[in-house]
Amino acid sequence: MAVNNLVMILALALVFAGAVDFGFSYDRPPRRKSLSKPLLKDLEEYDPASPQQVHISLSGTNKMRISWITSDDTPAIVKYGISSGDYKFSANGSTSEYQYLTYNSGVIHDVVIGPLNPDTVYYYICGTNYSQEFSFKTPPASFPIKFAVSGDLGQSEWTNSTLQHIEKSNYDVLLLPGDLSYADLYQPLWDTFGQIVQPMATKRPWMVTQGNHEIEKITGIHPEPFTSYNARWVMPYEESGSSSNLFYSFEVSGVHVLMLGSYTEFGHDSAQYNWLQSDLKKVDRRKTPWLIALIHAPWYNSNEAHQGEYESTGMKSSMEDLLYGARVDVVFAGHVHAYERFTNIYKDQANKCGPMHITIGDGGNREGLATK
């Protein structure tokens, strides 16, 4: 399907921190300060049983995953309904914890609720604290649907600006192609990131994939990568037949979305490649006429930043034929802290049957924008 018709059918809200200038050059604004946000547990009025860092994500057909953290070991239960204060339904889930060096996480709760009606507002409470009510709206059953797309969010003053811009867009689903908290080994930053995004991530599903800042592997000390990411941001990988939380797919409102992993194996003999090959065979373009993909490291990039990295060139070499053969419409990437859009392209040449590649990695992290 021609990408030129994208706006007519599918509203993609491309969110970026900078502006667009049609002169000969564009001076990108400087980076802003990191946000200084106290941990909730350090506040006097803190309730250790109160849900914190609440966020929601799509989980299979007509279902939603509710995730949150508490300091105390409280039940993983969500009560919900279509009227405020009237919770006719409830669901139970699981709890987990993780350790990273000397850091011990809170109790992580995951509960899947549903089936849910499309385009409907639901009210819900988490755990045993009934004083804090949240609400979310489910995506529509069919077109139009609006996605907000932003990568490399981080926790800076630009992050706040980006989130405010997204919130005003009245989006249905947020897509985040990697680099969430920029914790970079310092685990409390995962907690503050959860606090920062909670006001929005409780209202609309956030679907994410991993970036390089989620790896957090230390050779000989903490050899397991993605410990925090996998524990805190569980996506519907099992529902899509994937063996890993690092790559999965989901369908929503006539769109099939591929969330791919730039920092896990992607060669022809890898689990991810075999899964993608199988997943694409299941796509029914009569049911989901739009097919989009998210990666972290862009395959096409004219910025000086992140040129020639294996996560870009190797993944492109391995998987570009699969996406082209399936007629993927758009590929979104992060990693490069800039906004850039290519025409429809395949094997480094303009090709009307290839996907449009869009870099959207300027969400607001502390490192600032790519300037060359």
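This is a short dialogue on reading a predicted model.

Colleague: What should be known about the model before reading it?

Modeller: The model is predicted: local features need pLDDT of at least 70, side-chain atom pairs count only at pLDDT 80 or more, and totals for chains, interfaces and linings use all residues. Residues are numbered from 1 along each chain as its sequence is written, and side-chain values use heavy atoms, with hydrogens and water left out.

Colleague: How many helices and strands does the protein have?

Modeller: Helices (H or I, at least four residues) and strands (E, at least two) are DSSP runs, numbered from the N terminus. The protein has 6 helices and 21 strands.

Colleague: How is burial read, and what percentage of the residues count as buried?

Modeller: Buried means under 20% relative accessible area, exposed over 50%, and partly exposed in between (1.4 Å probe, protein chains only). Here 57% of the 372 residues count as buried.

Colleague: Is Q164 buried or exposed?

Modeller: Q164 falls in between: its relative accessible area is 47%, so Q164 is partly exposed. Q164 is found in helix α2, residues 157–168. Its C-alpha atom is separated by 9.3 Å from that of M200, 36 residues apart along the chain.

Colleague: Where is D47 placed?

Modeller: D47 is in the loop between β1 (11–14) and β2 (52–58). With a relative accessible area of 34%, D47 is partly exposed.

Colleague: What share of the contacts in the protein with a separation of 6 or more joins residues 24 or more positions apart?

Modeller: Contact means heavy atoms within 4.5 Å. Residues 24 or more positions apart account for 71% of those contacts.
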